[in-house]
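Colleague: Take me through one part of this model in close detail, please. I'd like the ring pairs as the starting point, then whatever connects to them.

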Amino acid sequence: MTLKKKSGNVLLGAAFLMATAAIGPGFITQTTVFTNQLRSSFGFVILVSVLLDLAVQLNTWRIVGISGQYAQVIANRVLPGTGYLLAMLVVVGGLAFNIGNIAGAGLGLNVLFGINTTAGACISAVLALVLFWSREAGRAMDTFTKCLGFVMIGLTLFVVFQAHPPIADAIHRSFVPLQINSTAIITLVGGTVGGYISFAGAHRMLDGGISGKENTRTITRGSITGILLASLMRILLFLAALGVVTGGGILNPANPAASVFSIAAAPAGYRIFGIVLWSAAITSVAGSAYTSISFIRGFHPVLEKNHRQLTTAFILISLLIFLFVGRPVKLLVAAGALNGLLLPFALGLLLIAVLPGKKTATYQHPVWLSVAGWLVVVIIGAVGIRAMLTDLPALWH
């Protein structure tokens with residue numbers, strides 16, 4: 001394999017890891033629920049969120065990729081100790097959401113084969129462990145996420161054709177919405193580039209050997225590809241749900257996404273939903289485990305040497321919490337609120353690192369990218385602080 005082809009495979013794998021890490025069970029449910037509420041105007045929410053997502057990922061991939069250093073290392077260079085705090089927040093948030101990913105994988109196998117959800121979760125966790133313990137785990141993960149990513153996109157595209165959505169109206173309302181829902185925009189941004197997802201692709205790119213100023217264009221292309229892949233899946237889910245609800249379909253509040261697939265593509269729709277749900281969940285398990293451990297493995301040679309054992313522990317702890325506690329609602333909500341602060345905190349540290357005159361600045365970061373990044377920091381930070389002040393106190397009373 002030529003160096004150029006190997007580099008291209010790594011980059012595409014990193015982009016798919018970022019995209020499939022974002023496309024989890026929550027991603028599917030959120031898209032369906034908001035489409036049911038906003039109808040065609042949800043297209044505007046998607047458009048705005050894609051622009052914000054691009055600002056986050058262009059900055060993250062460039063700063064991490066060109067510096068050749070993981071996000072936590074850059075953070076520690078900006079302000080000693082913040083890298084450890086960032087790593088802790090990523091691991092805690094990733095672990096909390098991985099419980100939901102494990103649950104989603106179990107439910108997906110339950111839909112497909114009728115097996116118990118608990119058994120499905122165990123089987124899925126074992127498959128994830130086999131992936132990470134394979135001889136070339138990085139290449140195996142790239143292939144795994146790419147294959148299941150294409151499966152999700154292909155099957156959802158089929159459902160879109162069956163749903164017959166009003167595409168012209170969806171395009172029109174994407175630019176001229178009847179209503180604007182700021183909560184939906186923030187939720188989508190957090191679900192696509194929040195928490196560990198922000199760094200999944202960038203860290204995989206570094207592990208694949210792509211870094212440095214000479215790879216600026218390649219790094220930029222990878223970040224855009226990741227967002228476009230996740231956004232394509234979001235758009236397809238939106239169109240499928242829109243076709244169903246505008247056609248008079250009534251979604252089951254307990255499982256609205258399953259309703260979309262079942263109504264649009266009966267009788268096979270429910271099975272297709274099972275495949276998409278399992279694919280989304282198991283790739284998110286891989287993305288969460290890989291990225292969370294990438295934040296701590298470099299802190300000590302012992303951690304680096306035993307990173308597979310750490311990944312195994314991460315997945316098994318997620319599984320055990322699901323098996324013995326279920327999906328702890330308070331923990332998931334609290335982790336969601338923390339992730340609302342994690343994105344502006346992490347992105348802010350990266351942007352400080354490339355400020356002109358800083359010793360940590362390894363190259364001249366484009367002004368327009370910095371401005372776009374700081375805009376996201378302010379917007380998401382304000383909403384995250386509001387969530388911490390209002391939602392969490394109510395949660396624990």
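**A close look at the rings and their surroundings**

Modeller: Let's start with Tyr270, which is partly exposed because its relative accessible area is 37% (under 20% is buried, over 50% exposed, in between partly exposed, with a 1.4 Å probe and protein chains only). Bear in mind that this is a predicted model, where local features need pLDDT of at least 70 and side-chain atom pairs count only at 80 or more, while totals for chains, interfaces and linings use all residues. Residues are numbered from 1 along each chain as its sequence is written, and side-chain values use heavy atoms, with hydrogens and water left out.

Now the rings. Rings of Phe, Tyr and Trp (its six-membered ring) pair if their centres lie within 6.5 Å; planes under 30 degrees apart make a stacked pair, over 60 an edge-to-face one, and the rest are tilted. That rule gives seven aromatic pairs. One of them is Tyr84 with Phe299: the centres are 4.6 Å apart and the planes meet at 35 degrees, so this pair is tilted. It bridges a long stretch of chain, since 215 residues separate Tyr84, in helix H5, from Phe299, in the loop between helix H13 (269–294) and helix H14 (301–305). (Helices here are DSSP runs of H or I with at least four residues, numbered from the N terminus.) Phe299 has 28% relative accessibility, so it is partly exposed.

Back to Tyr270: its ring is stacked with that of Phe273, at 6.4 Å centre to centre and 20 degrees between the planes. The two sit three residues apart in helix H13, so about one helical turn separates them. Unlike partly exposed Tyr270, Phe273 is buried, as its relative accessible area is 3%. Elsewhere, ring pairs tie Phe34, Phe42 and Phe238 into a cluster.

What comes ahead of H13? The loop between helix H12 (256–264) and H13 holds Pro267, and the peptide bond from Ala266 to Pro267 is cis, with omega about 5 degrees.

Tyr84 takes us to H5, which spans residues 82–113 and also holds Phe97. Phe97 is partly exposed because its relative accessible area is 30%. Its C-alpha atom is 24 Å from that of Leu51, 46 residues away along the chain.

H5 packs on helix H6 (residues 117–132) at about 115 degrees, with the axes 7 Å apart. Axes are lines fitted to C-alpha atoms over the stretch in contact, and angles run from 0 to 180 degrees between N-to-C directions. So H5 is roughly perpendicular to H6, on a scale where under 35 degrees is roughly parallel, over 145 roughly antiparallel, 65 to 115 roughly perpendicular and the rest oblique. The crossing is right-handed, a term for the near helix being turned clockwise from the far one by less than a right angle (anticlockwise would be left-handed).

For contacts (heavy atoms within 4.5 Å), the H5 side includes Ile102, Ala103 and Leu109, and the H6 side includes Thr117, Ile123 and Ala125. The residues of this contact split into eight nonpolar, five polar and no charged. Nonpolar covers Ala, Val, Leu, Ile, Met, Phe, Trp, Tyr, Cys and Pro; charged covers Asp, Glu, Lys and Arg; the others, Gly among them, are polar.
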